[in-house]
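Hi,

Here is the structure I promised to pass along. Have a look at it first, and my notes on cysteines and cavities follow underneath.

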Amino acid sequence: MSEPVPQDLAAARARLAACNGVPVRIDVPVIARRVSEESTATKLKVRLYPDVKREERAEIGIAWVFANEWFPGVKKSGYSHYFLTLLRAFEGLERSGREPELRLQLLRAVRTQGRGGPVTVLLKFIVAPEYALTGSMLETIYGCPLAGFYTAFVGVTFDPKRDLAAPGYTRGNAVHAGYRRAAEAFQRDRGVESTRVAYFDGVRESWSRDLGSLLMDRPKSGPRKLHRVPVDAVDAVLERCAVLWPEGETAALLHERLVYSPTRGLSGRIDRLDRRGALIRLTEIKTGGGFGQERDPVTGEQHAGGLQALAYRELLLSAGGVGAEVDAFVEELETATPSLLPLRRHPVVTRARATLEADDDRGLDLLAQTRNVGYVAGSGLLTGYDRHRLDEVSRRGRHLAATGGDWNLYASSAPCPICPANSRGVCAQTRRGTVAPLDNLFRYAPPELFAYWARFHHQMRDEDRRSREWFYQLATTPVATLEQQGVTIAGVHVARLDGRTVEFARDRPFATRMREDDRVLVSLSGLRPGDASSVEGTIESLDEWAVRVALHDSLPDRDRRYRIDDLSRHGMPDWQSQGLTDFLISAMEATPVRGRELAATELPRLAQVILGSGTEPGPLPANPAVPDFVTGLNATQRRAVGAALALTPEAGEPLLIQGPPGTGKTTMIAELVHAIAVAEFGRDVSGSRERPVLLLANSHRAVDELVLKLGTRYPDLAPFVVRVGRVRSDTDPAVRARVLGEAIGGREALATLDLAADGAQRLVALIREGNLLHDQAMIFAGTLAAAQSPELRSLSFRTVIVDECGQATEPAALQALRHMGAGFQARLILVGDHRQLPPVVPEPDADNAPARLAFPLELSVSGLTSGHTLRTSLFERLAARYPHRVIALTEQYRMNEPICEVVSETFYGGRLRPGTSEVADRRVGDWLAAENLGPADGLVLEAPPLLFIDTSDDPRAADREMATRDDARANEREAAIIASLVAKLVQGRSRSARQHLLSEVGVISPYRRQNNVIKQALARHDPALAALVRVDTVDRFQGGEKEIVLISLTNSNPQATIGPLHADWRRMNVAISRARRTMVLVGSRRTFTAPSVDAEEEAKEFYRCLFAGVDRLSASGGSRILPSACVDVGS
């Protein structure tokens, strides 16, 4: 029996000291720092430190890493990736200006005699295990490391305008879903018929979820494999259930479990786990054949999924807490004979000559090579942003030769036909001749274009890195610290169980920044998140003592204690990087020039405008023509519509429309879209790949508002509108009706489908009905993230309108270009307001790599500066660069005169005004009377439109901050004041009047934690208050409005620190412009106006202007100022 592998540093050092020159297995993390002056192209000298906080580290020794795992005393060694991969990682860190320091999980090392005495040599290790790669990413790297580099790092995707492939993935989804339901049913009662019914229920559910994709299939005749296989697979599934779980044998089944190992840098979802006593059976389920299969070199058999199964097996074994033997299988359901293939017999394993025994180095190398190469390729350390290195990678073959390694540990052939880099012609190994090759893409790109791509891409990759490292933080940070940061709720028990919806509680109140709709991971107390027993879920409700979570699977034990972790920062989608890279490729594709570096002036006109090169765009027409049928708009709205209609697709010159709060930009967009639709109505769009209008916005809320406005103003246009994306639980019925699957009654039709009788035929009929609606549609509306949605596949548009553009990062806004004609030929209309909320971007780390990049001089002509980050939107930059292309709306229809005056004078130079006298004269008392809600009594209702409660001299109103997170501040005194004011609003009113009044009350603070504290304070007065009053952050309130709005500034401290959220003064503009009739401001004037740190001084100038405006209004009776001591909170 082999000795246990040491998993702590002291035991590992002891084993190394006693190894006598024989390599030994260890499993410990260390920090390795390269000694650059003594390292060469064949050896690395590193200083080792314990994996503890930097201030607690003390050097524990020197170690060496040699090429191909050589060490003194060995005459010959084979091919190995470890040295070269680590070398490339260190080089990449140094090129980017960072310290050459990495975390390593040591797996094999040796202590041996060198020329100058004993030396420690590191042989096998995981590089940067905090950086999590998924099992599917490992499959990509295994199949072709170069494809992994292009997809994981560069962000190359298929061109959505050319993507005509059938949605084959829906077939696998349906079989997976059916199999899961069938397995659960079989475990319950072993009934064949009930299992069959459960399988078909799962298929229906999957088809309903994927209906948007299925409707984009174009069946030319009857059902194909795509439609038949999910139905036909039922017998194979029934057979598998009987074989896997024979009579008298039970197993605990876990499905689609998100698992993670902090020592291997791996995460992913395991298709199925079943535990039988001391044995855990891990099964990776595969449907379909084709690409991604590996061939056994001896038998010739082909099978898929082996690398993922291998990764998940190692993940479970290394994560700890399993307490059982793990056996892994790959199950294939669509082969001629459905099979359950043991992993040890899978071609991925047999080709590598691995045994999967405890001391199997080949299996370890197979996994470590794909994971470590995936890390240096996906993180960008392999190439950095050196344009020559970026192109050189492709020319040196598909195995990423710069990382070394044993090429027998990669797939025997590359899946080029399904590779995006191959389809776009950017890969030098391309085997496809349908597109003009773009060899030397980076080297031949104009310097301005490459610098633009690199500048934003580097920032996006840093966000990706933090997303991948989030699981590591959850798994390795003490629970108490995570709870202080507001990202974990620990020590909860099951208070109520309703199916898979669970209410958790504990005997002390929650203080968290988590909120409704957040993704979470529920894990057993004492185990790391990402253990096989962890269950994903979504928060449905949260109060002071309980949190209700809708789980994706069953809890392992309802009698145990649990922890709930914030999962919203893990697994963030990569669509913004992909859109940025698509801009680079599409701009290069649009010119016929090949074989030399391009000048920026040779790019499409719109690309030149974005980059600031070429000639300046011309001025907008002063009095553009507007069709007579366009009515109900004011003068600036009409000019905006006329200027938009005057654009020509060929000109490549965008129009920017600035819409301050309440200025009716949604109405204006609806009129513009209607005018375009009228002009285009005679054109035959049926089946055409070019359509009139694409409407995009930064949020689902904004898209839904546009669809609703179009349907309200022009009902006859509704049948020609398609809402892109899936239906959400909060989708308005009128918007739901414009989702293709809902428009044809897809869910209802699938629910009544007899799959066994004619399911495939009925599905095809449904798809053809969807095809017909899609072919007739003229207007498509979706979020910026929807550029690759199936409904938009293969389409281009003559007009693209982006709403909320000021809230979108620049890479996100570039999604609008992905569905323009060749050379970006389309009208581009950007609508937004750069004086309201900027893009929401996480705060950078203290050692944030992008901040270390030198600003490229090539970008100076674009209007970008070294201070611009992802928080600067494309709208803001272009508005500053081309102010003559901006039309600002100036009449607002939300705020009464006093509130509008403060907003206008503080943020818009006095240019914003009420659109009508009725708007200007709005008062809360008139509204109460009109709605029959009772008298306007009490402090808030009797006050002028603006009430300011100043806590500057209130010793109880100091803020509190969770750990070091600015977004986790709270102020209990302000919460108590606001709760008391809200409670008194409805005191003495009837139940119906209370509900109506509270539905028009909003409470805003910039901090998640403060909002939770306010909700708890409301609930202490009356649980109905917390349920009926909307309490939200400024960011989530953007676009919303209420009759009465109360604002908690929260920050109140002797240092007069307002923090990063308030330091962006645009957040305050949004907050104070949400109220129609009454706005209540609660906070410390002194904190927001007194001098503090330089970084806050710009914002404080705005706040000084704001409070000066409140003072002016007070003199004229438009506002009232009270010290907080005058407010009775009933305590």
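Cys 427 is buried, at a relative accessible area of 8%. Bear in mind that this is a predicted model, so everything here is computed from it.

Is Cys 427 in a disulfide, or in none? None: the nearest cysteine sulfur belongs to Cys 419 and sits 6.2 Å away, whereas a disulfide needs the two sulfurs within 2.5 Å.

Cys 416 is buried too, with a relative accessible area of 13%. For Cys 416, the closest cysteine sulfur is the one in Cys 144, and at 6.2 Å that is too far for a bond. Searching the whole structure gives zero disulfides.

Now the cavities. I get eight of 30 Å³ or more, and the largest holds about 60 Å³ of space.

Which residues line that largest one? From the earlier part of the chain there is Tyr 150. Then come Asp 391, Ser 394 and Arg 395, followed by Val 426, Ala 428, Leu 438, Asp 439, Asn 440, Leu 441 and Phe 442.

By residue type, the lining of the largest cavity splits into six nonpolar, two polar and three charged. Two helices each put at least two residues into this lining: helix 13 (387–395) and helix 15 (441–444). Helix 13 has the largest share, with three residues.

That's what I have on cysteines and cavities for now.

Cheers

Key
Residues are numbered from 1 along each chain as its sequence is written. This is a predicted model: local features need pLDDT of at least 70, side-chain atom pairs count only at pLDDT 80 or more; totals for chains, interfaces and linings use all residues. Side-chain values use heavy atoms; hydrogens and water are left out. On a 1 Å grid over the protein atoms alone, a cavity is a set of points where a 1.4 Å probe fits but cannot get out, and a pocket is an open set with protein on both sides within 12 Å along at least five of seven lines; lining residues have an atom within 4 Å of a point. Grid points are joined across faces, edges and corners, and a volume is the space filled by probe spheres set on the points. Helices (H or I, at least four residues) and strands (E, at least two) are DSSP runs, numbered from the N terminus. Ala, Val, Leu, Ile, Met, Phe, Trp, Tyr, Cys and Pro count as nonpolar, Asp, Glu, Lys and Arg as charged, and the others, Gly among them, as polar. Buried means under 20% relative accessible area, exposed over 50%, partly exposed in between (1.4 Å probe, protein chains only).
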